Amino acid sequence: MAGIDWTGRSEGEEPELMAAAVAAAEQEQHQFYLLLGNLLNPDNAVRKQAEETYENIPGQSKVTFLLQAVRNAAAAEEVRQMAAVLLRRLLSASFEEVYPTLSPDVQTAIKSELLLIIQMETQSSMRKKICDIVAELARNLIDEDGNNQWPEGLKFLFDSVSSQTVGLREAALHIFWNFPGIFGNQQQHYLEVIKRMLVQCMQDLENPTIRTLSARAAAAFVLANEHNLPLLKHFADLLPGILQAVNDSCYQNDDSVLKSLVEIADTVPKYLRPHLEPTLQLSLKLCADTSLSNMQRQLALEVIVTLSETAAAMLRRHTNIVWAHTVPQLDCEWQLCGDHMEATSWTPNRWACGNMPDWKYRHAGLMALSAIGEGCHQQMEGILNEIVNFVLLFLQDPHPRVRYAACNAIGQMATDFAPGFQKKFHEKVIAALLQAMEDQGNQRVQAHAAAALINFTEDCTKLVLEQVVTSIASVADTAEEKFVPYYDLFIPSLKHIVENAVQKELRLLRGKTIECISLIGLAVGKEKFMQDASDVMQLLLKTQTDFSELEDDDPQISYMISAWARMCKILGKEFQQYLPVVMGPLMKTASIKPEVALLDTQDMENMSDDDAWEFVNLGDQQSFGIKTAGLEEKATACQMLVCYAKELKEGFVDYTEQVVKLMVPLLKFYFHDDILLIRVRVAAAESMPLLLECARVRGPEYLTQMWHFMCDALIKAIGTEPDSDVLSEIMHSFAKVIVFTSYFLNSELMKRQDEDYDEQVEESLQDEDDSDVYILTKVSDILHSVFSSYKGKVLPWFEQLLPLIVNLICPHRPWPDRQWGLCIFDDVVEHCSPSSFKYAEYFLRPMLQSICDNSAEVRQAAAYGVGVMAQFGGDSYRPFCTEALPLLVRVIQSADAKTKENVNATENCISAVGKIMKFKPDSVNVEEVLPHWLSWLPLHEDKEEAVHTFNYLCDLIESNNPIVLGPNNTNLPRIFNIIAEGEIHEAIKHEDPCTKRLANVLRQVQTSGGLWTECISQLSADQQAAVQELLRIA
């Protein structure tokens, strides 16, 4: 098969131009090969430059160059592999941005080329990477309905798995393992084929690799269908083959199938139930086999441990198998048993290494003890006295390296078990270390004994001081003004620590002391603290001046940020002078952007031991990771910005612009349910009304710009925020923002009344009006969502907005204000009744008066409100429904009621009349109104209200209402006409249950023969066709 023609040249070009273009393309490809090589360069500068260059290449060109590099068998192996990895990542991260922009011919060529490369590739590792690309492309070519848009890929899969070429069978299995959902919505159809394929491959005795891959593929398929119980049951007889592959692959130094078994035990343990006993026996056998690596044995044990967590009841029936086998001890004869019951009974004579004649064993045992203190803290703490006594004996060991290891163990335990270790063992430990420091013949032992002693004493002093300072801070924070008598006793010493504790190892102590001073100042109040405020501020300023020299993980940073905020609360307006010093580092910390990554399973496994990362599984063997380092500081900094805005108000105005630009994007600072990210979003929401208040002195124009900048983001955040507590805070802030902005909205209205404004100013104000209407629309939409979701729970919050919304429906307001104000009260009635009636004094009279308003939009909102009043409002609204009826009729019967601009308002009036008759029949004379209502039907512009009216019509017909049917069913032709017109205008969606009800009405008449003929004969040809279509569809 020929290579892909990426040039797009026509056959009619001159040979010279063709040759030049080919040469240019070859030169570009050569340069790209060099770039790929630089991406692998160990030199950070070279690699960084190459990464920047690569990122600037357009996506389409990347596809061209990368695929060319992959298929070029003459290129260096590492270059081809890098190209394959980058192409897979491009398809994974940027598929929607790149692939659809390629022409259909190029897309087809890419798919064909990839399959051809797999067939031609001779290197196994390279073939796997190409298979990864194919799997990623196939994953993206499954549409939303599950259709596989790459049927050639499936054909290749079937052909390859049946091929005589081992490499092609491996490729097919690798693709299926990587993307077990490749069959899309055809999976059920191919289920037997899939099973037969896997069984056949697991029985390939000549090729261990095929057996391993097929077992991994089967496990991946099971995991991908974890909730499909019939499928799991159908594939249960594959498990013996998987277990056999686990056993065989482990003895070939491959633990991949064993890892898959651990995943099954964790995710779908019930799949193991039919063969649980062989699974346990295999796991115990592998765990006990000392010829296997420690990792393999641990994974085997992990299967049993995981099952004990995910399927305890299932495992409990087989405990005899577990307890009947003894897990052999590890190679070293000195051993700390992992069982807690064993751990509590350790004694020195259990420490076999200590009695070994070879010094290496004694040295190893002591060094191991140094390493396990932190992880085995709970198990060792109860027997620490015995351990210390035992270790101290080795300070007298004949071999200097053993004595060195004993010093190391003592020093490490002093850290791991501080401060209790110092308190309990200071007498014996200090004496023993002082004696070891006299070891004149071994300077290294002397030095290490001295280091252990320094570690012991320094940690003791530092830890005790830290605890004391923290305790003082806690007492002051709790006691508040009652701490005043003790103020002079503590502050001088605390200031001394801040001034002198400048060593690196004392950073935490200094940070906690800064925190303590600020908490004391806050507790005793400004009057008492002012005598030391100047000194404390100078100490803080000196630390802040050196802020740029602090390391990113310096614990002082977070304490400093919090302390400045407390000083701001203490000093009030006087703190404004320090903002130029404080704000730079604070904004830098608040602007920290956590590192994020989209990782596949292998990449995540490589990073899983890094505690600085958190991951969320996205499915399809992909995870999203975020590096959490710095998030604590970021969250604190954002909260401190809120504090400054709250305390300083207009004194903070110079920083409002940069802070609002920082905070608005943080409203969507999501990642799973991490508490730090929640704190950031809460701070961002809380800052919005405070920043507006700070900016008040800049005037209405500046406030308007800031309001427009934050409004959309707040509205979107309310619609998308996943955490209910954060949502409450955002809504609370939004309410405050709306209340506050009424200040400058009213100012703009006052400007409008100024006679001196010319046409240009009027046009500018009109633009602002349009923007305000847009915002009102969004506000109404979001309130609709909130009321429909949370019902009466949000009424206390809504009451903060009530004065503003009542103001919107005043007669002097523009019609858009009155329209959206009424819409908000419509939602209150619809979703919060009967509690809504307590607000009736604010909206009922304006709503009734608005039924006949000059604006069609206002009439529509008012009529809809009367309809929901009847439907949801309860008995309190009954007299108002009676009062509304003649007003509604007046609108319906007006001469221009059905014109384009009025029809929606009119149809809402007709629907409201129907709702009053249906839900409040005792408030009107239904027999008198019903004939008129029937003559106004059908509705077809307002689809939502059309459904209500047709459903009510069906209710009346199904109950054989004599007024609707007429004497001797004389109204049936009219009813047929109404139904046919509704179908012609698509008033009701065919999937709506009402459609079936209307069709049933027609069918009942259809059985009567003559009556059916009479009704149909009075319809036009279009109406007859509509009736037939309705019967056919329903």
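Of the 1034 residues of the protein, 49% count as buried in this predicted model. The fold is built from 49 helices and three strands. Contacts that reach along the chain are well represented: among those between residues at least 6 apart in sequence, 69% join residues at least 24 apart.

A good place to begin looking is the nonpolar interior. The largest nonpolar core holds 184 residues, and Phe-575, Tyr-644 and Phe-652 are the members that touch the most others. Phe-652 gives a helpful view of these surroundings. Apart from its neighbours within four places in sequence, Phe-652 is in contact with Leu-579, Met-583, Leu-641, Tyr-644, Ala-645, Val-659, Leu-691 and Cys-694. One of these partners, Tyr-644, is itself among the three residues that touch the most other core members. A second core, separate from this one, has 107 residues, including Tyr-54, Val-63, Leu-154 and Met-202.

Attention now turns to individual helices and how they pack. Two packed helices are described by the angle between their axes and the distance between the axes. For helix H6 (residues 124-140) and helix H8 (residues 166-178), the angle is about 40° and the axes lie 9 Å apart. H6 and H8 are therefore oblique to each other, and their crossing is right-handed. On the H6 side, the contact is formed by Ser-124, Arg-127, Lys-128, Cys-131, Asp-132, Val-134, Ala-135 and Arg-139, which meet Gly-167, Glu-170, Ala-171, His-174, Ile-175 and Asn-178 of H8. By character, the residues of this contact divide into five nonpolar, four polar and five charged.

Helix H6 also contains Leu-137. With a relative accessibility of 1%, Leu-137 counts as buried, because the cut-off for burial is under 20%. Setting aside neighbours within four places in sequence, the contacts of Leu-137 are Leu-91, Phe-95, Tyr-99, Lys-111, Leu-114 and Trp-150. Of these partners, Lys-111 is separated from Leu-137 by 26 residues in sequence, while the two C-alpha atoms are 8.4 Å apart in space.

Another helix pair can be found further along the chain. Helix H43 (residues 926-936) packs with helix H44 (residues 943-958) at an angle of about 130°, and their axes are 12 Å apart. This pair, too, is therefore oblique, but H43 passes H44 in a left-handed crossing. Leu-930, Trp-933 and Leu-934 of H43 meet Thr-949, Tyr-952, Leu-953 and Leu-956 of H44. The residues of this contact comprise six nonpolar, one polar and no charged.

Helix H21 (residues 384-393) shows how one helix can pack against several others. The buried residues of H21 are Leu-384, Ile-387, Val-388, Phe-390, Val-391 and Leu-392. They pack against helix H19 (359-372), helix H20 (377-381), helix H22 (400-416) and helix H23 (420-436). An α-helix has 3.6 residues a turn, so residues three or four places apart point the same way. Leu-384, Ile-387, Val-388 and Val-391 are among the buried residues of H21.

Burial is also found in a loop. Asn-207 lies between helix H9 (191-202) and helix H10 (208-224), and its relative accessible area of 18% makes this loop residue buried. Not counting residues up to four places away in sequence, Asn-207 touches Val-166 and Arg-169.

Definitions and conventions
Residues numbered from 1 in each chain as written. Predicted model: local features only at pLDDT ≥ 70, side-chain atom pairs only at ≥ 80, totals over all residues. Heavy atoms only, no water. Axes fitted to C-alpha atoms, helices over the stretch in contact; angles between N-to-C directions. Helix = DSSP H or I, 4+ residues; strand = E, 2+ residues; numbered from the N terminus. Parallel < 35°, antiparallel > 145°, perpendicular 65-115°, else oblique. Left-handed = near helix turned anticlockwise from the far one by under 90°. Contact = heavy atoms within 4.5 Å. Nonpolar A, V, L, I, M, F, W, Y, C, P; charged D, E, K, R; others polar. Buried < 20%, exposed > 50% of the residue type's maximum accessible area, 1.4 Å probe, protein only. Core = buried A, V, L, I, M, F, W, Y, C linked by side-chain atoms within 4.5 Å.
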